[in-house]
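Biologist: I should like to learn how to read the features of a structural model, beginning with its internal spaces. Could you give the general idea in each case and then turn to the example shown here?

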Amino acid sequence: MLGSSADTTQEGDKTPAKLNLAYIWMISAVAALGGLLFGYDWVVVGGAKPFYEAYFHLTSEAMIGWANSCALLGCLVGSIVAGLLSDRFGRKPLLILSAFLFGSSSILTGWATSFDLFIVWRILGGVAIGMASNVSPTYIAEVAPPAWRGRLVTLNQLTLVVGILGAQIVNLLIAGSGTQAETIEALRASWVGQLGWRWMFTAVAVPSVVFLLLAFFVPESPRWLVKAGKAAQAKAVFARIGGDAYAEAQAQDVAQSLRREASGQADWRELFKPAVFAVLLMGIGLAVLQQWSGTNVIFNYAEEIYRGAGYDLSGIMFNIVITGAINLIFTLVATAFVDRAGRRALMLWGAGGMAIIHALLGGAFFMGLTGPLVLGLTLAVIALYAMSLAPITWVLLSEIFPTRVRGLAMSVSVSALWIACFGVTFTFPLMNKALGAAGTFWVYGLFCMIGFALIARFVPETKGKSLEEIETQLGAQ
């Protein structure tokens, strides 16, 4: 399929289109490299954690939580900045800027000479993550034909989990003999404790350079071009995607959608119009649910979770790679089913199933069960998350907002996601100490139950609809 064209009539398109699938996949894949770097930079800290903690002499739950979560403050800043700048200057410049920040921050973090500088550069890396998490799925959604949009936006999540697995494999290979250290002093004195963990962070500079170079060659989002009054350029991009007739129809649809809205530059006040605000609340709810479903703590705090389940450091590092492999496999499942089963069904399946498994996982810790049972339950949670809340949340966020305020609304929702992510990441060590692993996972299970109810009540099905049709369906004009 990648190298072919396809004759197809898209629901919501006014004319049949001969889609240039090779070109569509190519530009989407370049944008999705932001997801790969996002995944690597976000998860690398989990594998490097025992080594940089020993190096910087971190002992308290608060300091450990701060080191693990500080980048998420940068994510918040990056998502806000991306929302403001992408609506004003376009999606492409923000892709380029995020690539540059990924590369520079990874090197600076890896070779930080003090804990304070480590924190500063991790926050800068978080800015890059926040930008990419906002702009990459938005860009892909705006270039993708309706029948392919779910799969193409999920491609961003697929590259994200490839980045996660890549970070986990790199961490395992670099850790090597350092996992055999029996004391903190021995761990600190080892090559991994002194230098190895630095290369775990630095490795992401290589794909960052690739992303930076390729980002210069993708076109600007055609929907943004229409909004910016550059209709001729927008039609040229649409034409390369699906031919002249497709270009004319798509440009008219976007222009008509924009004419239905107030004239002038979009600003924050428009987000508080009742219809738009209702959709914005839906987006915020989905973003918060994705994080407080609790799955991400398994990636960031695998050491504590698997150590509590009876594994040594060598077993922990190996288990981390298994979680990444499961994450990748079931993201591929999501890619296959998102445009068939639909967004809503997958979200309900994921939230409901995760609530049950979190309850079982909490029960296992409560009864003192360890080893393969705990590993199996955590893998089951990751599998459900990877085929539902993880990718589909990004698909829905890229779809539900009106063209006119998409950048701003996406910025607010992604900011809410990163605030929630900071909260869940920072509080895990504190909750684990206060409630134990059992109580902590039961709390996450409760959030999944609440999320199931909210999805069933408020989230519509959007598969197969154009972005303009979704806008009309939700009444957010």
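Modeller: A definition comes first: helices are DSSP runs of H or I with at least four residues, numbered from the N terminus. With that in hand, please keep in mind that this is a predicted model.

Biologist: Which elements each supply at least two residues of the lining of the second largest cavity?

Modeller: They are α1, α3 (91–110) and α4 (115–143). The space in this second largest cavity amounts to about 50 Å³. Its lining consists of Y40, D41, V44, S105, S106, T109, W121, R122, G125, F201 and V204. By class, that lining divides into five nonpolar, four polar and two charged residues.

Biologist: How many cavities of 30 Å³ or more does the structure hold, and what volume has the largest cavity?

Modeller: The structure holds three cavities of 30 Å³ or more, and the largest cavity has a volume of about 130 Å³. Seventeen residues would be a long list to recite, so to speak, but the central ones can be named: of the 17 residues in the lining, W42, Q157, L160, N296 and Y385 lie nearest the centre of the largest cavity. The elements supplying at least two lining residues each are α1, α5 (146–175), α12, α13 (296–300), α18 (389–399) and α19. Helix α5 gives the most, with four residues. The lining has 12 nonpolar and five polar residues, and no charged residues.

Biologist: A pocket is read in a similar manner, I take it. What is the volume of the second largest pocket?

Modeller: The second largest pocket holds about 270 Å³ of space. Of the 15 residues that line this pocket, L281, M282, G285, L286 and L454 are the closest to its centre. Two or more lining residues come from each of α12 (274–292) and α19 (406–458). The largest share, eight residues, is from α12. In the lining of the second largest pocket there are 13 nonpolar residues, two polar and no charged.

Biologist: Let us turn to helix geometry. How does one compare the span of a helix with its length in residues, for example in α2?

Modeller: The expected span of a helix is 1.5 Å times one less than its number of residues. The 29 residues of α2 should therefore span 42 Å, and the end C-alpha atoms of α2 are indeed 42 Å apart, which agrees. Helix α2 nevertheless has a kink of about 40°, centred on N68. G90 follows α2 and has a positive phi, near 110°.

Biologist: What does the comparison give for α1?

Modeller: Helix α1 (residues 21–55) has 35 residues and reaches 49 Å from its first C-alpha to its last, close to the expected 51 Å. A kink of about 65° lies in α1 at A48, shortly before the proline P50. Of the 35 residues of α1, 31 are buried, and the helix is mostly covered. H57, which follows α1, has a positive phi near 60°.

Biologist: Where does α19 bend, and by about how many degrees?

Modeller: Helix α19 bends by about 110° at G436. The span of α19 is only 20 Å between its end C-alpha atoms, whereas a straight helix of 53 residues would span 78 Å at 1.5 Å a residue.

Biologist: I should also like to read single residues. Is S86 buried or exposed?

Modeller: A residue counts as buried when its relative accessible area is under 20%. S86 has a relative accessible area of 2% and is therefore buried. S86 is found in helix α2 (residues 61–89). Leaving aside neighbours within four places in sequence, S86 is in contact with R91, L94, V135, W224 and G407.

Biologist: Is S413 buried or exposed?

Modeller: S413 is buried, because its relative accessible area is 0%. S413 has its place in helix α19. Not counting residues up to four places away in sequence, S413 touches L280, G283, I284, A287, L397 and F401.

Biologist: To conclude, which residues is W292 in contact with, leaving aside its neighbours within four places in sequence?

Modeller: W292 is in contact with A420, G423, V424, T427, M431, Y444 and F447. W292 is found in helix α12. With a relative accessible area of 15%, W292 is buried. The C-alpha atoms of W292 and R198 are separated by 30 Å, and these residues are 94 residues apart along the chain.

Terms used. Residues numbered from 1 in each chain as written. Predicted model: local features only at pLDDT ≥ 70, side-chain atom pairs only at ≥ 80, totals over all residues. Heavy atoms only, no water. Buried < 20%, exposed > 50% of the residue type's maximum accessible area, 1.4 Å probe, protein only. Contact = heavy atoms within 4.5 Å. 1 Å grid on protein atoms, 1.4 Å probe; cavity = no way out; pocket = protein on both sides within 12 Å on 5 of 7 lines; lining within 4 Å. Points joined across faces, edges and corners; volume = space filled by probe spheres on them. Nonpolar A, V, L, I, M, F, W, Y, C, P; charged D, E, K, R; others polar. Bend = angle between axes of the 7 residues up to and from the residue.
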